[in-house]
Amino acid sequence: MAILSTLIGIFAPMFLILSPFTSYTDQILSIHRTRTSAGFALDIPGIMLTASILKIFYWPGARYDVALLVQAFLMVGVQMTLLKVALDNRPAWRGERPFTEVGKSYVETGSGRPFDFWRWKQQRPYWEYLVFLAFGLLALHTLLQPDGSSLYTKLIGGLGLTIEATLPLPQLYANYCARSCKGFRVSVLANWLFGDMMKMGYFFASEPGRVPWAFKMCGMFQAGCDVCLGIQYWMYGEGETIDDIETRLS
């Protein structure tokens, strides 16, 4: 058991640091090659960028494992690339500007989300949101100078990890609506599942206090969702979506 813990302690941090590249490079290349991001949930880069930025600002107060911090920085770079490629190659769909007139119901803006969040037609609002988030957190950190015991540190850490735990949910919903996993690369799913195993082993084999319990709880929830994605892939495969079938029969 001691040997296994030692091996996990050596290889798991390396895998965590490289996971942004191993998990998403194939998806980026696939979208670029096929010139379409249809079937890929655009919420994935939105979730990962938001969560990773929050985790970066969580570190000064929590001082969690450095491998997880390095992973968060690398994830921001990879997800920004994925977002850019997905936006450049997304199918035609309705979107609105990030802010609507005062008093206008968000239901009227088209996407069913407040201010059409992450459903904007133009690319600029996506990058504006990320800049505002990062500089807003930087301003709060400069003002509050939080430590590990502060409510702010606990709040920002819990929020970031909770958001990251929801990562598989948009893809689960997209696959369910389409009755197909077409457009979602099996390599991403395989890396998610393997990453879950490595993370759980690393989290629970680490010294007490090295990895906060918030990481462990959110990791277990995300692992369960990834298993559900695997079941969807087994059930639906990469066959025609409902839209493809309706188009062919019309």
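# Notebook: salt bridges, cavity and pocket

I began with the charged pairs, and found that Asp26 forms a salt bridge with Arg185, the closest N and O atoms being 2.8 Å apart. Asp26 belongs to helix 1 whereas Arg185 sits in the loop between helix 6 (168-178) and helix 7, so the pair ties together parts that are 159 residues apart in sequence. I looked up the accessibility of both partners: Asp26 is partly exposed at a relative accessible area of 24%, and Arg185 is likewise partly exposed, at 27%. I note here that I am reading a predicted model, and that every value in these entries is computed from it.

**Entry on the chain as a whole**

I then stepped back to the overall make-up and counted 9 helices and 0 strands in the protein chain. Read from the N terminus on, the elements run α-α-α-α-α-α-α-α-α. The chain has 250 residues, of which 44% count as buried.

**Entry on the other salt bridges**

How many salt bridges does the structure hold? I find 6 of them, and I followed up two besides the pair I started from.

One of them joins Arg113 to Asp43, where the closest N and O atoms are 2.8 Å apart. Since Arg113 lies in the loop between helix 3 and helix 4 and Asp43 in helix 2, this pair ties together parts that are 70 residues apart in sequence. Is Asp43 buried or exposed? Asp43 has a relative accessible area of 12% and is buried, because the cut-off for that class is under 20%. Arg113, at 25% relative accessibility, counts as partly exposed. I also wrote down that Asp43, Arg113 and Arg119 are linked in a network of salt bridges.

The other is between Lys84 and Asp88, with 3.4 Å between the closest N and O atoms. Both residues lie in helix 3, 4 residues apart, which is about one turn of the helix. Lys84 is partly exposed with a relative accessible area of 37%, and Asp88 is partly exposed as well, with 43%.

**Entry on a contact across the sequence**

I looked at Val188, which lies in helix 7, and noted that at 1% relative accessibility Val188 counts as buried. Val188 and Tyr24 are 164 residues apart in sequence, yet their C-alpha atoms are 6.1 Å apart in space.

**Entry on the enclosed space**

Next I turned to the cavities. Rolling a probe the size of a water molecule over the atoms shows where empty space is left. A search of the whole structure returned 1 cavity of 30 Å³ or more, and for the largest cavity I recorded a volume of about 320 Å³. Its lining consists of 27 residues, and the closest to the centre are Gln71, Met75, Glu164, Lys199 and Gln222. Helix 1 (2-34), helix 2 (43-62), helix 3 (66-88), helix 5 (151-165), helix 7 (186-205) and helix 8 (213-236) are the elements that give two or more residues to this lining.

Which helix gives the most to the lining of the largest cavity? I find that helix 7 does, with 6 residues. By residue class, the lining of the largest cavity divides into 14 nonpolar, 8 polar and 5 charged.

**Entry on the second largest pocket**

I then read off the second largest pocket, in which about 170 Å³ of space lies. The residues that line this pocket are Ile53, Ile56, Phe57, Phe73, Val76, Met80, Trp127, Leu130, Val131 and Ala134. At least two lining residues come from each of helix 2, helix 3 and helix 4, and helix 4 gives the most, with 4 residues. How does the lining of the second largest pocket divide into nonpolar, polar and charged? I recorded 10 nonpolar residues, no polar and no charged.

**Entry on the nonpolar surface**

Last, I looked for a nonpolar patch on the surface, and found one of about 420 Å² made by Val131, Phe132, Phe135 and Leu138. I note that Val131 is named both in this patch and in the lining of the second largest pocket. Leu138 lies in helix 4, which covers residues 124-144, and Leu138 is partly exposed, with a relative accessible area of 41%. That value is over the 30% relative accessible area asked of patch residues.

Terms used. Residues are numbered from 1 along each chain as its sequence is written. This is a predicted model: local features need pLDDT of at least 70, side-chain atom pairs count only at pLDDT 80 or more; totals for chains, interfaces and linings use all residues. Side-chain values use heavy atoms; hydrogens and water are left out. On a 1 Å grid over the protein atoms alone, a cavity is a set of points where a 1.4 Å probe fits but cannot get out, and a pocket is an open set with protein on both sides within 12 Å along at least five of seven lines; lining residues have an atom within 4 Å of a point. Grid points are joined across faces, edges and corners, and a volume is the space filled by probe spheres set on the points. Ala, Val, Leu, Ile, Met, Phe, Trp, Tyr, Cys and Pro count as nonpolar, Asp, Glu, Lys and Arg as charged, and the others, Gly among them, as polar. Patches are made of residues with over 30% relative accessible area and no salt bridge: like charges are joined within 9 Å, nonpolar side chains (Val, Leu, Ile, Met, Phe, Trp, Tyr) within 5 Å. Accessible areas come from the Shrake-Rupley method with a 1.4 Å probe; for residues, only the protein chains shown count as cover. A salt bridge is a side-chain nitrogen of Lys or Arg within 4 Å of a carboxyl oxygen of Asp or Glu. Buried means under 20% relative accessible area, exposed over 50%, partly exposed in between (1.4 Å probe, protein chains only).
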